[in-house]
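User: Hello! Could you pick one part of this model for a close look, and then connect it to the rest of the chain?

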Amino acid sequence: MNLKERCILAPNSLLLYFIYNILVYIAGFFLKIVALFNKKLGLFVHGRKTVFDILSNQIKKEDTVIWFHTASLGEYEQGLPVLEALKKKYPTHKFVLTFFSPSGYEVKKDSGVADVITYLPLDTKANAKRFLKLIHPELVVFVKYEFWPNYLAELKKQQIHTISISTIFRPSQAFFKFYGGWMRKSLHAFNHIFVQDEASQKLLESIHYTNTTISGDTRFDRVLEILQRDNSLAFIEDFKGDKTCVVIGSSWQEDEALFVPFINDSTKDCKYIIAPHTIKSQEIEKLKSSITKNTVLFSELDQHQDLSQFAVFIVDTIGILTKVYSYADIAYVGGGMGNTGLHNTLEPAVFRIPVVIGKNYVGFKEAEDLVALGGVLSVKSQTEFNTTMNRLLEDANFKTSVGVMNHNYVHSHGNASEIIMEYLSKR
């Protein structure tokens, strides 16, 4: 870009940054109104009211603080290996963990994984200054897609060491558009960006950001750690017995439209475990009533002594899906038949089993890679789903070979945290 072009774009960048700040305030105002009628937005709004009081009470001026920020639960799981490694390296530091979304904060607020766990206040200049004044971090770690211009501007102004991990960039993002100058400026608040792939690194080079390392995705470290845990669940063992088990994880209605008819019509002697994304009682009852085979809910366990009599087990609780995957011979991961977003395919893949998904997986790098390798099988219709599932259930050699592809892929990508920690040890 020549000097003339820079002069033309600079005012436009300032204007867009000004508009962004106005929109943040407008959004904050309307969120308060909508929150009166929406439970999730209510959590989003009310949870932020006490953030500064919590920080004032729990962070002292003499504390040495590391701030870790994630958008939601998925990014939290992604960044957890680095958070745990930092806690081990700096045992006397205080750790502040923030979430943008209720789906992350509400699940982990009482986990004790950090000294302070809060929401991140909205990205206004005033909030950014106040927040950083209260926590005065010496190191900040953002995970994956978190780019908040006002927080980043203040971090750069205060010269606080800031990194982004497991980050992935795509040409469609504003950074790489003609109007994205104000967003490109935000990237320079990061002392270093650890990207997932070479394509992301090249995109950053195209806008003259070069403080990058290709580390891969820390989620691989996270799922590999799962193998070291005790994943046993006695009630699942009682339910499964010695039968082949299909686990359907994080399913939505679009996914149910595929697997419910298959379960009802199948003559295969196997067990099915369904862990829906939504566990509202009304949705669970609707799902249960649509299944013609003998079905039990997790919430009904105390009513049944012999779980082996059931063909289908519906997990109407949260927090145990990872352990449930350890009992799967075949997994279906939801979100890909609709537009809600594909859920985590690595969690079942690490257990050396084949994984089936819906048709919409572009943008999920590990799914794209595994579909290309043949470890994840994408289906577009009921016919394809039935054909794929029947082949996996009938052809043991095929099932095993597909699972091995997943196992090998996950194990070959498991050193991202080490690369990041090596950099941090030298800073």
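Analyst:
**Strand pairing**

Let's start with a pair of neighbours: strand 2 (residues 94–99) and strand 3 run parallel and are joined by 4 bridges. One pair of residues you can look up is Thr-98, whose bridge partner in strand 3 is Thr-118. Please keep in mind that this is a predicted model. In general, strands of a sheet pair through backbone hydrogen bonds, in either a parallel or an antiparallel way.

Now let's widen the view. The open sheet is formed by 7 strands with parallel pairing, and their order is 3-2-1-4-5-6-7. Strand 3 (116–119) and strand 7 (212–214) are at the edges with a single partner strand each, so each has one side without a neighbour in the sheet. From one strand to the next, the twist averages 20°.

**Helices across the sheet**

Two helices lie across several of these strands. Helix 4 (residues 73–89) lies across strand 1 (65–70), strand 2, strand 4 (137–143) and strand 5 (161–167), and runs at about 165° to strand 1. Helix 7 (residues 149–157) lies across strand 1, strand 4 and strand 5, and its direction is at about 150° to strand 4.

**A residue that touches strand 3**

Thr-118 leads us on to Val-51, a residue of helix 3 (residues 51–58). Setting aside neighbours within four places in sequence, Val-51 is in contact with Thr-118, Tyr-119, Pro-121 and Phe-131. The relative accessible area of Val-51 is 1%, so Val-51 counts as buried. For a sense of distance, take Val-324, which is 273 residues from Val-51 along the chain: 35 Å separate their C-alpha atoms.

**Loops around strands 4 and 5**

Three loop residues are worth inspecting here, and two of them have an unusual entry in a backbone-angle table. His-136 is located in the loop between helix 6 (125–135) and strand 4. The phi of His-136 is positive, near 30°, in a residue other than glycine. With a relative accessible area of 25%, His-136 is partly exposed.

Gln-159 belongs to the loop between helix 7 and strand 5. Gln-159 is not a glycine either, yet its phi is positive at about 55°. The relative accessibility of Gln-159 is 73%, so this residue counts as exposed.

After strand 5 we come to Gln-173, in the loop between that strand and helix 8 (181–187). Gln-173 has a relative accessible area of 18%, and therefore counts as buried, as the cut-off is under 20%. Leaving out residues up to four places away in sequence, Gln-173 touches Tyr-145, Phe-147 and Ile-168.

**From the sheet to the whole chain**

How does all this sit in the overall architecture? The protein chain is divided into domain 1 (13–216) and domain 2 (230–412). The contact between these domains takes 5 residues from domain 1 and 4 residues from domain 2. Taken over C-alpha atoms, the centres of domain 1 and domain 2 are separated by 33 Å.

Helix 10 (residues 219–226) deserves a visit too. In helix 10, 7 of the 8 residues are buried, so this helix is largely enclosed by the rest of the structure. The buried ones are Arg-219, Phe-220, Asp-221, Arg-222, Val-223, Leu-224 and Ile-226. Their cover includes helix 4, which we met lying across the strands, together with helix 14 (321–325), helix 15 (346–349), helix 16 (365–373), helix 18 (396–411) and helix 19 (416–426).

Finally, some totals for your notebook. The protein chain holds 19 helices and 14 strands. The radius of gyration is 23 Å, close to the 22 Å that the globule rule gives for 427 residues, so the chain is as compact as a globular protein of that length. The C-alpha trace spans about 70 × 45 × 40 Å along its principal axes. Of the 427 residues, 52% are buried. Considering contacts between residues at least 6 apart in sequence, 67% join residues at least 24 apart. The exposed area of the protein chain is about 20100 Å², with 54% of it supplied by carbon and sulfur atoms.

Conventions:
Residues are numbered from 1 along each chain as its sequence is written. This is a predicted model: local features need pLDDT of at least 70, side-chain atom pairs count only at pLDDT 80 or more; totals for chains, interfaces and linings use all residues. Side-chain values use heavy atoms; hydrogens and water are left out. Two strands pair if DSSP finds at least two bridges between them. Axes are lines fitted to C-alpha atoms, for helices over the stretch in contact, and angles run from 0 to 180 degrees between N-to-C directions. Contact means heavy atoms within 4.5 Å. Buried means under 20% relative accessible area, exposed over 50%, partly exposed in between (1.4 Å probe, protein chains only). The radius of gyration is taken over C-alpha atoms; the globule rule is 2.2 Å times the number of residues to the power 0.38. Accessible areas come from the Shrake-Rupley method with a 1.4 Å probe; for residues, only the protein chains shown count as cover. Domain bounds come from an automatic or database domain assignment.
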